[in-house]
Structures are given as C-alpha cells and as structure tokens.
Amino acid sequence: MAKSKVMYVDRKVWPRYSMLDKLELLWKKSGLSKAVQKNHRVIIKTHFGNYGNLMHLRPALLRKIVDLVKSKEALPILAESCGLGYGTGLYGGRSTAAEYGRMAAANGFTMGSMGAPIIMLDGYWGTDTFDVPIKGSHLEKVAVGAALRDADIVIMFTHFKGHGGTGMGGALKNLGIGCVGKYSKAMMHAPSGPQVNPEECKGAECSKPCIRVCPTRCITVDPKIEIDMNRCIRCVHCASVCRRIAKADAISFDWGEEGAVERMIENALGVIRGVGKDRIYYINVALDISEACDCVPFAPQALVPDIGIFASRDPVAIDAACLDMVNQAVPISTSTAGELKPGDDKFSAACPWPDRATGIRTPFFHHQTQLDYAEKLDLGTRSYTLKQVDEGKPPWGP
Ligand code: SF4
Ligand code: SF4
C-alpha cells in the first residue's frame, strides 16, 4: 500500500496568529476548503466531553470549523452519539440526546455558542441507526448513526489522547465508537448482553425503573425480571437504573470480554462502508494529551506538551502520526509518564487504571492493536508522509 499523506500545524503561535488561524491554514492546505461546497450538509463529528474533564476540545475550535464551513455557504451540523448506560444526577450521563445536550451545554457547547445545530447521530435513545453488513472475525453487522446518511461531507474532528480501555482515543475510535448506535457500542464493550439474576430483583416492591428506560420495551417484571433477548439492544440502561435507583443487582454486564479493540475496529469498518470513504475527512487535535478519554469526568496532567493539529484522508495514518509524535516527545515530568524518555511508548506506560488491589499499572498496547488490526482490515496504512504546513514566518498584523 502506498504511503498516506498527513499534514499538521505545530503549536507555536504569535500575536494575531493563534491556533484558530492555524486550523484555518490546515483547512485550506488539506483540501477541505475545496471539498466543502455550497449547500453541502457537513456533519462535524466530535466529542463534547464529560463534565469535570477539563481537557476536552475547546468550544472555540469547533466554532472555528463551523464558521469555515459556513464561509462556503454550506450547512454545518455538530454531532455526537449517545453513550451506553443511563445517567442520574445533574450532569449524570451522555446516554440520551437530552442528557448529552445538558452536559454539552455545561461544557460550553450550545447551538448559540457554536452557531450550528447540535445533534445525536443515533437519535434520542441511541437506537436510530442503519445496519451495515460486514464479515468481521467478531461482527456480522454494524449499527451506524442514521444521521450520517444525510451528510455530503463528514469531518471527523477528534481530540487525540489516551484511553483507559483502548489505549488511544483518535480517529479510529471516533469512527468505531463515536459513529455507532448503542447496539454496536455494546457489541464492542460487552457483546454477551445483560445477564439477569432474578433472585436479586425486588419485583413488586420496586417501582420498575428498568421498564421505563428500556428503549425497546423488552423487559417484563412478573413477578421477577425477564428480558426478551431477541429485542434487547444491549444499551445497559436497565442495569444502570437497577443499581443506582432500585439499589439492586438484578442485571449485570461483563465488561471484560476479550477482543474489544478488534470489535471497535470492525465497527469502524462498518462506518466507513456505510458512509463512504470518499466523504470522510479526518482532523486530529493533539493538544491537552492525557492518558484519559474525554468521556470520563476528570483529566489527569498532560503526558507530553501540546503537539499541534493534524489532517488526513486516512484514519490509520493520522492516528499513527499522532502516536509517533507523542512517543517522540519529552514527557511532562509531573505526569504519569514523567519517568519515561523520548521514544518510549507513553500510552502503554500510562494506563490510567491501576490494579485495585496492588495499585500497579500494567503496561498495555491496545493502541498498537488498533493500528495493526485497522491496517489488516484495509482501513488505511501506518505508513505515512508527514508534512508540516506552517513553516516560515506567520502573517504579522499591525
Ligand atoms: S429495577 Fe431491578 S429490582 Fe427493580 S424491577 Fe427492575 S430488575 Fe427488578
Ligand atoms: S433489556 Fe436490553 S434494550 Fe432493554 S434496557 Fe436492558 S439492555 Fe437496554
């Protein structure tokens, strides 16, 4: 396979030449400004962060992309997808359009501040999807967010950082988790679905919140819980409310099933097939790079200094380029990668989930598995040419 092109702007800025100006330069140089045309519906797929995580993408970066799309008289749409589980509390979760909208607003993302509609690709419940058949080693179909069908152009606008479950949160993860409905999120995380323990069900004593939050109404409690697995989409809502509201343990999921990273990449394959490779552009923002995903309600110290913003048509190459530059960087001494040196694998050593009993962090290499398996499935190549597009003197205003 030929090498893929990756472009980037670094993190150096000057008065009147900010990272927003550099993002605009990348928009022009990467071909996006030519690809987006009048009246195009442009879905900008991103992540609005969990409340309490202060390292998620800054709203101004998204606003800048929205304004660039509008400058072409096209129609920008900011998009995310519903998360698994069902939240409780003020900023309890990201599991429905309403919950996520509330959290996005708390983090500064509203239709007013962004100047564009904010939608969930997979609708209110995370069930508005279309099936794309694949022949993976694990999966036979992928439930892709239905709104993607309406896009002329999809910009995968991704915060590049680590991830406690998959090693790395980049373009591939934004495709394989970020663009699929709850069914396919669950087929990645916990494909066996809900395990029912009727003895723990409170039955008539309970107000049955599990029935109310089940999007497919496949639960009966008579006198104890039963689930019609032919209709269950594995959304985890029932287990969330059973534990948090009913204070019971009648429904559980196995979150440790082997092969999750490969299943995520198979999801990404389904998304690319369902949307069409030619319509997808990738931008990775490699700023505020901690080992934790934006989906958790905290963010540890960054592992390395900010690197810049990348663009490519290849999701494997752009993630590989970002990962290589993270690994080449000198780590921040106060971070969990502080004792490493340039060339060391920062994400493997900085797994944020130490063993509960021993407190020891075991190195993991799921980020390498992502790239290897994506290359094997022909989603792109780890072989790339990297071009910095902001060399030379910046424009200098008065
Ligand atoms: S929420 Fe839990 S305890 Fe209550 S009815 Fe449902 S399964 Fe039973
Ligand atoms: S039974 Fe299935 S579809 Fe219904 S809430 Fe539970 S996991 Fe979701």
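Biologist: In this predicted model, how many residues does the largest nonpolar core have?

Modeller: The residues with the most contacts inside this core are Ile44, Ile155, Ala268, Ile283 and Phe310. The core draws at least three residues from each of domain 1 (4–189 + 259–388) and domain 2 (195–252). Its residue count is 120.

Biologist: Which helix gives the most to this core?

Modeller: The top contributor supplies nine residues. It spans residues 260–275. That is helix 10.

Biologist: Which residues does Ile283 touch, leaving out those up to four places away in sequence?

Modeller: Ile283 is among the residues with the most contacts inside the core. One run of its partners is Ile155, Met156, Phe157 and Thr158. The others are Ile309, Phe310 and Ala311. The full set is Ile155, Met156, Phe157, Thr158, Ile309, Phe310 and Ala311.

Biologist: Are helix 7 and helix 10 roughly parallel or roughly antiparallel to each other?

Modeller: The axes of helix 7 (residues 182–189) and helix 10 come within 7 Å. They cross at roughly 150°. Angles over 145 degrees count as roughly antiparallel. The two helices are therefore roughly antiparallel.

Biologist: How do the residues of that contact divide into nonpolar, polar and charged?

Modeller: Helix 7 brings Ser184, Met187, Met188 and His189. Helix 10 brings Ala260, Arg263, Met264 and Asn267. The division is four nonpolar, three polar and one charged.

Biologist: Which residues of helix 13 are buried?

Modeller: Helix 13 covers residues 366–376. Its cover includes strand 9 (167–169), helix 6 (171–176), helix 10, helix 11 (315–328) and helix 12 (346–349). The buried residues are His366, His367, Gln370, Leu371, Tyr373 and Ala374.

Biologist: Which peptide bond is cis, with omega near 0°?

Modeller: Most peptide bonds are trans. The cis bond leads into Pro223. Pro223 lies in the loop between strand 11 (219–221) and strand 12 (225–227). The bond runs from Asp222 to Pro223.

Biologist: Val236 is not a glycine, yet its phi is positive. Is Val236 buried or exposed?

Modeller: Its phi is about 75°. Val236 lies in the loop between strand 12 and helix 9 (237–244). There are 25 other C-beta atoms within 10 Å, and the cut-off is 20 or more. Val236 is therefore buried.

Biologist: Lys247 also has a positive phi. Is Lys247 buried or exposed?

Modeller: Lys247 has a phi of about 55°. Its place is in the loop between helix 9 and strand 13 (251–252). It has 9 C-beta neighbours inside 10 Å, and the cut-off is 12 or fewer. So Lys247 counts as exposed.

Methods:
Residues numbered from 1 in each chain as written. Chains lettered and ligands numbered in written order. Predicted model: local features only at pLDDT ≥ 70, side-chain atom pairs only at ≥ 80, totals over all residues. Core = buried A, V, L, I, M, F, W, Y, C linked by C-beta atoms within 7 Å. Helix = DSSP H or I, 4+ residues; strand = E, 2+ residues; numbered from the N terminus. Domains from an automatic or database assignment. Contact = placed C-beta atoms within 7 Å. Axes fitted to C-alpha atoms, helices over the stretch in contact; angles between N-to-C directions. Parallel < 35°, antiparallel > 145°, perpendicular 65-115°, else oblique. Nonpolar A, V, L, I, M, F, W, Y, C, P; charged D, E, K, R; others polar.
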